[in-house]
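Thanks for asking me to look this one over with you. I have put my notes in the order in which I would walk a newcomer through the model.

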Amino acid sequence: MRCRPSPSPPQPHPWIPTPDQTGEGVSSSRTPSRRVLASATAVTALSLTAALSAALPAAAEATGPVIGEVYGGGGNSGADLRNDFVELGNPTDSALGLDGWSVQYLPARPGDSTRAQVTPLGGVIEPGASYLVRQGAGAGGTVDLPAPDATGGTAMAAGSGVVLLVEGTEPVSCRTAAECAEEEGVADLVGYGSAVIFEGSPAPGLNNTTSAARDADLTDTGDNAADFTAGAPTPTNTAGETVGDGGGTDPEDPVEPGELRIHDVQGTTRTSPLEGETVSGLPGVVTAVNAFGSARGFWFQDTEGDGDPRTSEALFVFTGSTTPDAAVGDEILAAGRVSEYRPASGSQSITQLDRARWTVVSEGNDVPASVDLGGDTIPDTYAPDHGGDTTGLELEPDTYALDFWEAHEHMVVRVEDAPVIDATDPYDALWVTAKPDENRTANGGTHYGSYDEPNTGRVKIESLLDLEQHPFPRADVGDTLTGVTEGPVYYSRFGGYLVRATTMGELAAGDLERVPARDAERYEVSVATYNVENLDGEDDQAKFDDLAEGVVDYLGAPDIVGLEEIQDSNGPVNDGTVDPDVTLDRLVAAIEAQGGPAYEWRQISPRDGQDGGQPGGNIRNVFLFNPAHVRFVDVEGGDATTPVEVTEGPRGAELSVSPGRISPQDEAWDNSRKPLVGHFRAKGRDLYVVTNHFNSKGGDPSLHGVEQPPVRTSEVQRNAQAALVRQFAEDLLAVDPDANLIVMGDLNDFPFSPTLDILTADGLLANPMDALPEEERYNYVFDGNSQALDHILVNGALADRMDYDVVRVNSEFHDQVSDHDPQVLWFDTRRGPPHRP
């Protein structure tokens, strides 16, 4: 037998580039001690400048407060502490005041648009004392910090980052070591891991159970690498209160089977009854190895089991950033601490072993047979209608799909000849279905038609194969993963339960094609809505060209286009820019270069930072229109805060401002995009158009989380927004019941939602999507569900003289330019009253 210890403490599990948690490196031991720093404001610039020199400066005499310890793994997988923290020290002989000072945090590689996160300080540090700044909490951990002396909410990265001590509370502007050396007020800093800002060289890379701290001699050479070492975090406040590492004892090498089996560890609920305990002698066979990234480990499965369908027979052994010395087919005895990793608040947790050691008993064994997910294996009911947190409920895997997945956590499962229902995403993942006939769409996806039918056959696939040798398939909806795709069950906050494939089926292409909309007739006015996904003036020309192709070749160059997610000219650069001239001029030029019309545009710039969306981007709605076919009725006075009103004029209904915004200062629009209203004239008809981008669903509990059914918290704001738009529609139609009104855009909700009910109640507005066959009622695909978030609604005057289509150019394709499909409506001007002369 040979023993294989896990050389690193628990780490996060970032299977995709947007990680659930972060962390890297292997811990090294040190003796915990109270630390003080030898550095000062007066010498900081010299110390930082030394980063550009090979020579280390001598330790300087301390004259001010300094950074003593940094820790970013709080609440992460395997962490005992619930919070991140920064500890300051006073190495001088005098009490030091911190009123007006701050601790600031930058990511390891800040960009020009990155904004430092600031935590104000206050109070006094006595000589030789410490000062504790509590930062953000994760979903895990069991130990609270001592009472903090200051509190912030910064979510520090576990592995790499930059912490600065600043005399002042304005965010620092420096983004390099040299700039920080010159910036006034920077009194001390530590860059750790792969940080590009540091003194001398960066401090060691950390992980979820290690901090970086000064040594017992309080050495300050101006070199973070020399002055900081990694070890167990020891947060201490001004009162001298601290905590130990809370880590318990590491297991011994297992040499014989113990009394427990994997199913005892897994238990019959969503969390282990042995959480936090050390177990030893768990037998099983290694079924898969994750040998890449900073969240490595292996899966092993009991070959016998207890016959209880509620208990999983497999576990994941987490080895952090070190590739485990384990091979598929190894028969092992494992020991380690039982922990629950919860990727995000409200998500399911993952039962695993960390701090593990294992002994290989034999090699080359057959792995347990995989569970076939086909047929009726997965129940049709998604989750119990519990009305709250389901964590402690006994699993019913024969009744509920989520319980089925939890009861098979880490076990090997498979799909065969699986239809692709969601295209390959930028993070090398796709969705297939184990139930090909379940609410099938026209193009082979899975239609999401009600809250009661979340489609239990959906299965997310990621890969454990070396992507350089086995590139991930680039699939579209309607393709098929032929043959067998199998691997262990895992869980991610980005999609829920998934299969980490050790065998990937071959991709067979379907017949999905981009089909252009029909041409407009000479008597029609064409109107489209298109979410262009955070378009800004700094984007690559290719994005502008692809969007232009969509507008011209697939939408047929509509007379009016309502755009959502247009950003200011420099996008996420947060410098006060709010106007979108560069963004829109580039888009209009690209459309014209594609053979389209010379569009004009109308919009209203928001107040800086008040409309939500990507920080610094100043997202907004915009109208494009073809002046050869349509005239925009301009009424001056519209701005970010002035509401549009409906009045009766000599020509009928008129707008007080055009373009205008609906009730822009109402709290319903807080941190959200405001609707844009425009008055158009075309072919002898007046047309009033409202383009919208309602509050997103971000922050709602996930469909696959522990709260069942999920409470749609964001719906409250969308309902309030819908009520304001409805009020505008009622005001317009009260003045002119025959007015032609279109309300469109990304309403961020479903046709069956209360938000849409508010807009369509009593027949005020109609949704032409409802007239499509059910298998065509979608324009967005999320987590394998083909759904509708974008809509074009019309009032009664238009309902019987228009045509409508969803133009599928994005949502089902892996090479999409936006994640939304545009829609187009054709308004027949031959019927209905003309505008009044």
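The numbered points below cover some helices, a few backbone features, two aspartates and a cavity.

1. A word on the source before anything else: this is a predicted model. Please keep that in mind as you read the values below, which are computed from the model.

2. Helix 6 is a good place to begin. Its 14 residues should span 20 Å at 1.5 Å a residue, and the end C-alpha atoms are 19 Å apart, which agrees. The buried residues here are Lys543, Phe544, Leu547, Ala548, Gly550, Val551, Val552 and Tyr554. Strand 27 and helix 7 are among the elements that cover them. After the helix comes Gly556, with a positive phi near 75°.

3. Next comes helix 7, which takes in residues 581-593. From first C-alpha to last, helix 7 reaches 18 Å, close to the 18 Å expected for its 13 residues at 1.5 Å a residue. Which of its residues are buried? They are Thr583, Leu584, Leu587, Val588, Ala590 and Ile591. Seen down the axis of helix 7, these buried residues fall within an arc of 160°, so they line one face of the helix.

4. It is worth turning the model to see what lies over that face. The cover on the buried residues of helix 7 includes helix 6 (541-554), along with strand 27 (524-535), strand 28 (560-566), strand 29 (600-603) and strand 30 (620-625). Just after helix 7, Gly595 has a positive phi of about 100°.

5. Helix 8 (715-735) is my next stop. With 21 residues, helix 8 reaches 30 Å between its first and last C-alpha atoms, close to the 30 Å expected at 1.5 Å a residue. Its buried residues include nonpolar ones such as Leu724, Val725 and Phe728, and charged ones such as Glu715, Arg718 and Arg726. Helix 9 (754-760) helps to cover the buried residues of helix 8, and the cover also includes strand 32 (646-649), strand 33, strand 35, strand 36 (685-693) and strand 38 (741-746).

6. Two peptide bonds deserve a look, given that most peptide bonds are trans. Ser658 and Pro659 are joined by a cis peptide bond with omega of about 5°. Pro659 sits in the loop between strand 33 (652-655) and strand 34 (660-661). Gln708 and Pro709 are also joined by a cis bond, with omega of about -10°. Pro709 belongs to the loop that runs between strand 37 (707-708) and helix 8.

7. Two asparagines have a positive phi, whereas most residues other than glycine have a negative one. Asn455 has phi near 70° and lies in the loop between strand 22 (430-433) and strand 23 (458-463). Asn671 has phi near 55° and lies in the loop between strand 34 and strand 35 (676-682). Is each one buried or exposed? Asn455 is buried, with a relative accessible area of 3%, whereas Asn671 counts as exposed at 55%.

8. Now for two aspartates in loops. Asp112 lies between strand 5 (102-106) and strand 6 (117-120), and at 75% relative accessibility it counts as exposed. Asp112 and Pro572 are 460 residues apart in sequence, yet their C-alpha atoms are 9.2 Å apart in space.

9. Asp749, in the loop between strand 38 and helix 9, is buried, with a relative accessible area of 0%. Its C-alpha is separated by 7.7 Å from that of Asp790, 41 residues away along the chain. What does Asp749 touch, leaving aside its neighbours within four places in sequence? Its contacts include Tyr451, Lys697, Thr755, Leu756, Ala788, Leu789 and His791. Glu715 and Arg718 are also among these contacts, and both are listed with the buried residues of helix 8.

10. I will finish with empty space. The structure holds 1 cavity of 30 Å³ or more, and the largest cavity has a volume of about 40 Å³. Ile604, Arg620, Asn621, Arg661, Lys674 and Leu676 line the largest cavity. By class, that lining has 3 charged, 2 nonpolar and 1 polar residues.

Terms used:
Residues are numbered from 1 along each chain as its sequence is written. This is a predicted model: local features need pLDDT of at least 70, side-chain atom pairs count only at pLDDT 80 or more; totals for chains, interfaces and linings use all residues. Side-chain values use heavy atoms; hydrogens and water are left out. On a 1 Å grid over the protein atoms alone, a cavity is a set of points where a 1.4 Å probe fits but cannot get out, and a pocket is an open set with protein on both sides within 12 Å along at least five of seven lines; lining residues have an atom within 4 Å of a point. Grid points are joined across faces, edges and corners, and a volume is the space filled by probe spheres set on the points. Helices (H or I, at least four residues) and strands (E, at least two) are DSSP runs, numbered from the N terminus. The expected span of a helix is 1.5 Å times one less than its number of residues. Buried means under 20% relative accessible area, exposed over 50%, partly exposed in between (1.4 Å probe, protein chains only). The arc is that of the directions from the helix axis to the C-beta atoms. Contact means heavy atoms within 4.5 Å.
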